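Student: I would like to learn how to read a structure feature by feature, taking the general idea before the particular case. Could we go through one together?

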Amino acid sequence: MNSEHPEIAEYEWIDDCFRVYQTRFKIWHSAKKNGEELVTALTKDVCIRMTRFYLKGLQEGWNQENSRVVNDGVVGGKL
């Protein structure tokens, strides 16, 4: 018997870990089972490969000495 939620079971899960989907703008996104967005790419193949790379980095621990956040995506000040 499948114990997954019906919402989860309806997707094709890659490596039983994440799914990819295409938006109406023809951009590919990947997301975890909990809904957390991971990677955005122009093609499905690149989205899958880069998501695997990203998740492997998270699992193994990113090298903190050689990595940094370039942009945190927050706009400061009043718009």
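Student: Is Lys32 buried, exposed or partly exposed, and what is its relative accessibility?

Tutor: This is a predicted model, and in it Lys32 has a relative accessibility of 25%, so it counts as partly exposed, since that class lies between under 20% for buried and over 50% for exposed. Its salt-bridge partner is Glu36, with the closest N and O atoms 3.4 Å apart, and Glu36, at 34% relative accessibility, is partly exposed as well.

Student: What is the general idea behind such a pair, and how many salt bridges does the structure hold?

Tutor: Side chains of opposite charge can pair when their charged atoms come close. The structure holds 4 salt bridges, and one of them joins the side chains of Lys33 and Asp16, at 3.0 Å from N to O. Lys33 belongs to the loop between strand E2 (28-32) and strand E3 (37-41), while Asp16 belongs to the loop between helix H1 (6-9) and strand E1 (18-22), so this pair ties together parts that are 17 residues apart in sequence. As for their surroundings, Lys33 is partly exposed, with a relative accessible area of 29%, whereas Asp16 is exposed, with 55%.

Student: Where do Arg49 and Asp45 lie, and how many residues apart are they?

Tutor: Both Arg49 and Asp45 lie in helix H2, which covers residues 44-60, and they are 4 residues apart, about one turn of the helix. Arg49 and Asp45 form a salt bridge in which the closest N and O atoms are 3.1 Å apart. Arg49 is partly exposed at 43% relative accessibility, and Asp45 is partly exposed too, with a relative accessible area of 48%.

Student: Turning to cysteines, how many disulfides does the structure hold?

Tutor: A disulfide is a covalent bond between the sulfur atoms of two cysteines. The structure holds 0 disulfides. Among its cysteines, Cys17 is partly exposed, with a relative accessible area of 32%, whereas Cys47 is buried, at 0% relative accessibility.

Student: How should I read the sheet, and what is the order of its strands?

Tutor: Strands of a sheet pair through backbone hydrogen bonds, either parallel or antiparallel. Here the sheet is open and has 3 strands in the order E1-E2-E3, with antiparallel pairing. E1 and E3 are the edge strands, each pairing on one side only, and neighbouring strands of the sheet are turned against each other by 20 degrees on average, direction ignored. Between E1 and E2, which run antiparallel, there are 5 bridges, and Arg19 has Ala31, in E2, as its bridge partner. Helix H2 packs on this sheet, where it touches E1, E2 and E3, and its direction makes about 140 degrees with that of E3.

Student: Which pattern does the protein follow along the sequence, and how many helices and strands does it have?

Tutor: The pattern along the sequence is α-β-β-β-α, made with 2 helices and 3 strands. For the protein as a whole, buried residues make up 23% of the 79 residues, and the accessible surface comes to about 6,800 Å², with 52% of that belonging to carbon and sulfur atoms. Finally, of the contacts between residues at least 6 apart in sequence, 17% join residues at least 24 apart.

Note on methods: Residues are numbered from 1 along each chain as its sequence is written. This is a predicted model: local features need pLDDT of at least 70, side-chain atom pairs count only at pLDDT 80 or more; totals for chains, interfaces and linings use all residues. Side-chain values use heavy atoms; hydrogens and water are left out. A disulfide is a pair of cysteine sulfur atoms within 2.5 Å. Buried means under 20% relative accessible area, exposed over 50%, partly exposed in between (1.4 Å probe, protein chains only). Two strands pair if DSSP finds at least two bridges between them. Axes are lines fitted to C-alpha atoms, for helices over the stretch in contact, and angles run from 0 to 180 degrees between N-to-C directions. Contact means heavy atoms within 4.5 Å. Accessible areas come from the Shrake-Rupley method with a 1.4 Å probe; for residues, only the protein chains shown count as cover.
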